[in-house]
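Reader: Please take one helix of this chain and examine it closely, together with whatever surrounds it. I would like the terms defined as you go.

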Amino acid sequence: MADVCLSLLGAPELEEKLLDRLLMTPVIATFTSQSAASHGGHPAELDPTEQVLGRGRAVLVQAVLDENDAQALLADLCQVFAGSGLRYWLCPVLSQGEMK
């Protein structure tokens, strides 16, 4: 199976629970997390400052893993984060490695 990049985008309040869950996932060797600005979505979910700015605060997590492992992880995350607004997308990884 091919490798994919799993991207997860959610509210900042989800960050610690999400990172803890991913750190306990053995199929993920390394992942990144960062603060992000989220555009679109539902304006009513934004606080007044975010409504003026036109973007909301979010956390973005990305991990490269086997596609089958990614699907299994997504099934788990769907149960744990049901109704949380956590979004995801998968992209194929054409190449990866370490500079040596």
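Author: What follows is a close look at helix H3 and its surroundings.

The model is predicted, so local features are reported only at pLDDT of at least 70 and side-chain atom pairs only at pLDDT 80 or more, while totals for chains, interfaces and linings use all residues. Residues are numbered from 1 along each chain as its sequence is written, and side-chain values use heavy atoms, with hydrogens and water left out.

The setting comes first. The chain has 3 helices and 4 strands, where helices (H or I, at least four residues) and strands (E, at least two) are DSSP runs numbered from the N terminus. Read along the sequence, these elements follow the pattern β-α-β-α-β-α-β. Of the 100 residues in the chain, 29% are buried; here buried means under 20% relative accessible area, exposed means over 50%, and partly exposed lies in between, with a 1.4 Å probe and protein chains only. Among the contacts with a separation of 6 or more, 78% join residues 24 or more positions apart, a contact being heavy atoms within 4.5 Å.

Helix H3 itself takes in residues 67-80, and its 14 residues reach 20 Å from the first C-alpha to the last, close to the 20 Å expected at 1.5 Å a residue; the expected span is 1.5 Å times one less than the number of residues. At the start of H3, a side-chain oxygen of Asp 66 comes to within 2.9 Å of the backbone nitrogen of Asn 68.

The buried residues of H3 are Ala 70, Leu 73, Leu 74 and Leu 77. Because they cover an arc of only 105 degrees around the axis, they lie on the same side of H3, the arc being that of the directions from the helix axis to the C-beta atoms. The cover over these buried residues includes strand S1 (3-10), helix H1 (15-23), strand S3 (56-66) and strand S4 (87-92).

Helix H1, one part of that cover, has a buried side of its own, formed by Leu 18, Leu 19 and Leu 22. These residues cover an arc of only 95 degrees around the axis, which puts them on the same side of H1, and they pack against S1, S2, S3 and H3. On the face of H1 turned away from this buried side are the exposed residues Glu 16 and Leu 23.

Individual residues show how H1 and H3 meet. Arg 21, which lies in helix H1, is partly exposed, with a relative accessible area of 27%. Leaving out residues up to four places away in sequence, Arg 21 touches Asp 76, Leu 77 and Val 80. Arg 21 and Asp 76 are 55 residues apart in sequence, yet their C-alpha atoms are 9.7 Å apart in space. Val 80, placed in helix H3, is likewise partly exposed, with a relative accessible area of 26%. With the residues up to four places away in sequence again left out, Val 80 touches Lys 17 and Arg 21. Val 80 and Arg 21 are separated by 59 residues in sequence and by 9.2 Å in space, C-alpha to C-alpha.

Note on methods
A polar contact is a pair of N or O atoms within 3.5 Å; within protein, one must be able to donate a hydrogen and the other to accept it, and residues adjacent in sequence count only if both atoms are side-chain atoms.
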